[in-house]
Amino acid sequence: MKKRLLIATGGGDCPGLNAVIRAIVKRAAREEDWEVLGSIDAFNGILLDPMHLVELTEERVAGIHVQGGTIIGTTNKGGPFEWPVKNQDGSWTTVDRSNDLLERLRYQNIEAVINIGGDGSQRISQGLFEKGCNIIGVPKTIDNDLSDTDFTFGFQTAVDVATDAVDKLVTTAASHHRVLILEVMGRYAGWIALHAAIAGGAEVCLIPEIPYNIHKVVEAINHRVKSGSGFAIVVIAEGARQVDGEMEFVESETPGAMKIKLGGAGLRLSHELKEAGCQAEIRETILGHLQRGGRPNAFDRLLASQFGVKAFEMVLEQKWGHMVAYRHPDIIAVPIKDAIRNYNLIELDSDLVKTARGMGMSLGD
Ligand code: F6P
């Protein structure tokens, strides 16, 4: 009987998930004794009755590396440690079904699991590892906020999308002599914002790592508008906030879902600018889920393929509780617990920040 490997994709989707799945399956096919299954919608495929597992063969994954999303589905709600259950009075609670999950994996003769996901999913991987699960992590997220890897896959494609948006906003801002605000994703990190702002040539970039002073932002915009060009592009990360201000978020009511959903920083900034006396005409664009959809770029396909092959090789080496990571130019294994210990945030004295400042970009401080 062949050994069984289960793949799950968890959390928000991002470009490159299918390229990882394809690489794992192709690498596993080079061994005689492995078969690969996919769990539909993260671990729901194992935890629901009936179970929803699909066989992943080389034929099934042929050509999927160019497709966005994930062919095995995902969810950023619930999970084995916080499974939502409805009470008799209609309210919701969450229960720990991790032991049940392990039991079901044994019942299916699954020897190893590769969990492809971001911070939340890798916390689940670590929890399952501590309970004895043979699990390997693969770091995914457009936010690039996992530590111990130079990049997560999906990030570079999101930066391309955001940069393309800046390029487009420049032409309309210039034509109308306006200030255009672009809100991008990234949760508590400003990676997408700062990369796209530098690549697109924005005048102002506001990131969670540097709380902004609204008067400094107005000053920078006025200087730019009055200097003759007559327009300005402001890129703001969804987690950015004023000094002494709060991040813009809504609290989710959905059981087992992320409690905090960020969003609205761009519109808030627009009001703050007007209140602070900014005279320019302002418009706002929220880029939203466009950053997560569509085809991965070449960099992310390559990184995802490298991650997939390495993850399977880590299964062969039984490096349980480890995550694949990119340390240029190598693909290495790091303990999952190190990758989730802290968020990977932009360091204030990094060359990235120095580059932005060195070209006269205002970071609002
Ligand atoms: O973590 C990826 C991400 O896209 C964040 O940048 C964003 O805050 C969040 O997910 C959005 O989640 P949802 O898909 O639930 O709107």
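**Exercise 1. In this predicted model, which parts of the chain does the salt bridge of Arg30 and Glu58 tie together?**

Step 1. Start with the contact itself: the side chains of Arg30 and Glu58 come together in a salt bridge, at 3.4 Å from N to O. That fits the rule, which asks for a side-chain nitrogen of Lys or Arg within 4 Å of a carboxyl oxygen of Asp or Glu.

Step 2. Now place the two residues. Arg30 sits in the loop between helix 1 (17-28) and strand 2 (34-39), while Glu58 belongs to helix 3 (residues 58-61), so the pair links parts that are 28 residues apart in sequence.

Step 3. For the wider count, the structure holds 24 salt bridges.

**Exercise 2. Work out the strand order of the open sheet of 7 strands, and say which strands are at its edges.**

Step 1. Read across the sheet and you get 3-2-1-6-7-14-15, with mixed pairing.

Step 2. The edges are strand 3 (53-55) and strand 15 (330-335), each of which pairs on one side only. On average, neighbouring strands here are turned by 30° against each other, direction ignored.

Step 3. Zoom in on one edge. Strand 15 pairs with strand 14 (residues 322-327) in the antiparallel sense, over 6 bridges. In that pairing, His322 stands opposite Pro335 in strand 15.

Step 4. Add the helices. Helix 1 packs on this sheet and touches strand 1 (3-9), strand 2, strand 6 (110-117) and strand 7 (135-139); its direction makes about 175° with that of strand 1. Helix 10 lies across strand 1, strand 2, strand 6, strand 7, strand 14 and strand 15, and runs at about 140° to strand 14.

**Exercise 3. Find the backbone oddities in the loops: where do Pro50, Pro329 and Asn109 lie?**

Step 1. Take the prolines. Asp49 and Pro50 are joined by a cis peptide bond with omega about -5°, and Pro50 is in the loop between helix 2 (44-47) and strand 3.

Step 2. His328 and Pro329 are also joined by a cis peptide bond, here with omega about 0°. Pro329 falls in the loop between strand 14 and strand 15.

Step 3. Asn109 isn't a glycine, yet it has a positive phi of about 55°. Look for Asn109 in the loop between helix 4 (98-107) and strand 6.

**Exercise 4. How many residues lie between the strands in the hairpin of strand 4 and strand 5, and which residue there takes a positive phi?**

Step 1. Check the pairing: strand 4 (residues 83-86) and strand 5 are antiparallel over 4 bridges. Trp83 stands opposite Val95 in strand 5.

Step 2. Between the strands there are 5 residues, and Gly90 has the positive phi, near 90°.

**Exercise 5. Describe the open sheet of 4 strands and the helix that packs on it.**

Step 1. The order is 9-10-8-13, and the pairing is parallel. Strand 9 (204-206) and strand 13 (282-286) are the edges, each pairing on one side only. Neighbours are turned by 20° against each other on average, direction ignored.

Step 2. Strand 8 (residues 179-184) runs parallel to strand 10 (residues 232-237), joined to it by 6 bridges. Ile181 stands opposite Val234 in strand 10.

Step 3. Helix 8 (residues 214-229) packs on the sheet, where it touches strand 8, strand 9 and strand 10; its direction makes about 160° with that of strand 9.

**Exercise 6. What area do domain 1 and domain 2 bury between them, and which three residues of domain 1 supply the most of its share?**

Step 1. Set the bounds: the domain assignment gives domain 1 as 3-153 + 296-339 and domain 2 as 156-293. Their centres, taken over C-alpha atoms, are 32 Å apart.

Step 2. In the contact region, 21 residues of domain 1 meet 20 residues of domain 2. The two bury about 1,700 Å² between them, 54% of it on carbon and sulfur atoms.

Step 3. Ile142, Asp143 and Asn297 supply 30% of the area that domain 1 buries against domain 2, more than any other three residues.

Step 4. Finish with the polar side. Across this interface the rule finds 4 salt bridges and 9 residue pairs in polar contact. Strand 5 (92-95) and helix 10 (298-316) each supply at least two residues of the side of domain 1 that touches domain 2.

Definitions and conventions
Residues are numbered from 1 along each chain as its sequence is written. This is a predicted model: local features need pLDDT of at least 70, side-chain atom pairs count only at pLDDT 80 or more; totals for chains, interfaces and linings use all residues. Side-chain values use heavy atoms; hydrogens and water are left out. Two strands pair if DSSP finds at least two bridges between them. Axes are lines fitted to C-alpha atoms, for helices over the stretch in contact, and angles run from 0 to 180 degrees between N-to-C directions. Contact means heavy atoms within 4.5 Å. Domain bounds come from an automatic or database domain assignment. Buried area is the accessible area (1.4 Å probe) that two parts lose on being put together, summed over both. A polar contact is a pair of N or O atoms within 3.5 Å; within protein, one must be able to donate a hydrogen and the other to accept it, and residues adjacent in sequence count only if both atoms are side-chain atoms.
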